[in-house]
Amino acid sequence: MATVKVGEWNEVEMIVDADILQGKLNGIELPLGDTADAATGFGPVALYVGSGEARFRPVDYKDLRTKGWGPEHLAKGYRTQQVTPFSYSYGVDVADANRDGKLDIVSGPFVYLGPDFAKAREIYPSETLNPGTVAPVASRMQIVSDFTGDGWPDVLRISPVGGALYVNPKTDSRRWTRYDVVSVLTELALFKDIDGDSRPELIFGGTGGYVYAKPDPANPTGRWVVHPISQGVSVATHGLGVGDVNRDGRLDLTVPAGWFEQPPAGTPGPWKYHAAKFGGGGAEMCVYDVNGDGRTDVVTSLEGHGWGLSWFEQMVDGAFTEHPIMGDFSTKNAGDVTFSELHGGACADLDHDGVTDLITGKRYWSHVENYSGPDPYGPPVLYVYKTRRNRSAPGGAEFVPELISNRTGVGSNMVVRDLNGDGKTDIVVASVLGVTIFWGENAPPAKAKRRASR
C-alpha cells in the first residue's frame, strides 16, 4: 500500500487523459482508475494536501495526446527478418527441434524451421491474439531443451498456471504431448546450470519461495524435483539474475531484495540471504564485473512496468552503491534516452570487447492497450547498453545506449547468439508485435596472434 513519507520528499506520478487517472506514490500504484468514454473536455489538475505545508520540487510533464513511433530506425550492422507479425508469446528460444542440423526458432505455438524460418510446425493449437485486448501471458516464456533425455529437444511453456512440458513427437506429424510438470509464480524464469552438474536448471519463484527445478530422469514427464533456495523472503514477480556475487566459484541468485549465497555442495537448508536493494524488479539481472575492480556488480531494470535502469557497484565491504543509468522524463539519462517498461533483457558481449553488455527495450502494451503502465504509446524500442569502463565516471564505468530498432520492443527474454554459423551475433525478439530476427552483419574482431618467442 502506498504511504506518504513524513518530512521527506515523496515522488508522485500521474497519467491524466480525460476521464482516465492512473498514478503512483513513491513507486507504489494508487487505487485510481478510469471510467467509460464520458469526458471529452479538460480542466485543471491539482495536488490536494489535507493539512499542513506542502512543497513541490520542479514538476515535469509530457503531453500524451501526441502519439507516434517516429521514423523507422535500424542500427548499422543489422538487417531484419520478420518471422511472424502476429502476437503469440512473450518468449522465444532456439534449438534444432527436427534434428536436421539447422537451428529452429520456438515461440508460442510454433517451431519456425531453419535456416530460412519461412515454414512452421505447430506445437499446440495456435490462436492469434489481438495485442490491444489480450496479452500473451499464456506463453510468458518458452524454454527448449532435451528434458526427457531421448535426444530430441522438448519445449517448456510457462504461463500463470504453471509450466507445461511439450514432448517432441520426433518424426510423427502431430502436435506435441503436454504434461504439467512445475508451478511457476514469477513472470520470469531462468534456465542456467546453477548447481554445477553440467545441465541447466529452471530457476524461478514459487509459492514456497525461490527455487530451482529439474526433471526426474526416471520420470521426466512427472512433476519435477524442486530444490529450495530461499525461506522467509517474499518472492518478487519480476527480476532474477544468476552470477558469482562473492567470487567463491559457486553461482548465486540475485533478486530485487538482495542475493542468495549458494553453499558448498551437500549443505542442507536454504541459501544464506544477503539483503540489498536492486529496485522493484524488472527483467533478467546481469551479474558481472562492470568496472573491472575484481568485484561482481549487478545491472538491472528497476521496474518491469515502470521506469528505471541502474547498475549497482559492489563495494569492498560487500554493500552495493546504485549508479542510475536511466530514470524517467524528469531525470538526466545516459545518452538522453528515456523509455519505460524494461520487462525483458539479455546479458551478452554484443560488441566483442570482452565485457558484458545489456540488451533491453520496452515491452509495448504490456498490459494491453491502456494506461496501466507509464508512456504506453512510447515507441517499442530495442537498445543495447554498452559497458564502457571509465575511471572518471561514477563508479568507474558508464553505459552507452545504442538504438537497434524502434519497431519490435521486447517480451520476457530474447535470444542472442549466432543462428546460422557465420560467426556474427544475431538477436531474436518475441513481443506483441511478432517475432523478429536481427541478423548481425559485423563479425567479431579476430584475435591477435602471439608471436612465438625464440
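In this predicted model, strands β18 and β22 run parallel to one another and are joined by two bridges. They belong to an open, mixed sheet of eight strands, and β18 also supplies at least two residues of the largest nonpolar core. The points below treat that sheet, a second open sheet of four strands, the nonpolar cores and the aromatic contacts.

**The eight-stranded sheet**

- The strand order is β21-β20-β19-β18-β22-β23-β24-β25, and the sheet is open with mixed pairing.
- Strands β21 (272-275) and β25 (320-326) are at the edges; each has a single partner strand, so one side of each lacks a neighbour in the sheet.
- On average, and with direction ignored, neighbouring strands of this sheet are turned by 20° against each other.
- Where β18 meets β22, L240 stands opposite E284 of β22.
- On its other pairing, β22 joins strand β23 (residues 297-301) in the antiparallel sense over three bridges, with Y288 placed opposite D297 in β23.
- Strand β24 (residues 309-314) pairs with β25 in the antiparallel sense over six bridges; the bridge partner of L309 in β25 is M326.

**Burial of strand β22**

- Strand β22 (residues 284-288) has five of its five residues buried, so the rest of the structure largely encloses this strand.
- In a regular strand, side chains alternate between the two faces of the sheet.
- In β22, E284, C286 and Y288 point one way, while M285 and V287 point the other way, and all of these residues are buried.

**The four-stranded sheet**

- A further open sheet has four strands in the order β14-β15-β16-β17, and its pairing is antiparallel.
- Its edge strands, β14 (190-192) and β17 (225-228), each pair on one side only.
- Neighbouring strands here are turned by 35° against each other on average, direction ignored.
- Within this sheet, β15 and β16 are paired in the antiparallel sense through five bridges, and I203 stands opposite Y212 in β16.

**Nonpolar cores**

- The largest nonpolar core comprises 30 residues, and those with the most contacts inside it are L156, I158, L202, F204, L253 and F260.
- Eight strands each contribute at least two residues to this core: β10 (141-145), β11 (154-159), β12 (162-167), β13 (177-182), β15 (201-206), β16 (209-214), β18 (240-243) and β19 (252-255).
- The largest share, four residues, is provided by β16.
- Apart from neighbours within four places in sequence, L253 is in contact with I203, Y210, I229, L240, G241, V242, G258, W259, F260 and W271.
- A second, separate core of 20 residues includes L309, V337, V381 and L403.

**Aromatic pairs and clusters**

- A search of the whole structure yields 18 aromatic pairs.
- In one of them, the ring centres of Y88 and F110 are 5.4 Å apart and the planes stand at 80°, so the pair is edge-to-face.
- This pair links distant parts of the chain, 22 residues apart: Y88 is in the loop between β5 (78-84) and β6 (93-95), and F110 is in strand β8 (residues 110-113).
- Both partners are buried: Y88 has 13% relative accessibility, and F110 has a relative accessible area of 15%.
- The rings of Y364 and W365 have centres 5.0 Å apart and planes at 25°, so this pair is stacked.
- Y364 is buried at a relative accessible area of 6%, and W365 is buried at 16%.
- Y364 and W365 also belong to one aromatic cluster together with W69, Y371 and Y377.

**Charges over aromatic faces**

- K67 lies over the face of Y377, at 4.8 Å from the ring centre; Y377 is one of the residues of the aromatic cluster.
- R157 lies over the face of Y124, with a distance of 3.8 Å from the ring centre.

Terms used
Residues are numbered from 1 along each chain as its sequence is written. This is a predicted model: local features need pLDDT of at least 70, side-chain atom pairs count only at pLDDT 80 or more; totals for chains, interfaces and linings use all residues. Side-chain values use heavy atoms; hydrogens and water are left out. A nonpolar core is a set of buried Ala, Val, Leu, Ile, Met, Phe, Trp, Tyr and Cys residues joined through side-chain atoms within 4.5 Å. Buried means under 20% relative accessible area, exposed over 50%, partly exposed in between (1.4 Å probe, protein chains only). Contact means heavy atoms within 4.5 Å. Two strands pair if DSSP finds at least two bridges between them. Axes are lines fitted to C-alpha atoms, for helices over the stretch in contact, and angles run from 0 to 180 degrees between N-to-C directions. Rings of Phe, Tyr and Trp (its six-membered ring) pair if their centres lie within 6.5 Å; planes under 30 degrees apart count as stacked, over 60 as edge-to-face and the rest as tilted. A charge sits over a ring if NZ of Lys or CZ of Arg is within 6 Å of the ring centre and within 35 degrees of the ring normal.
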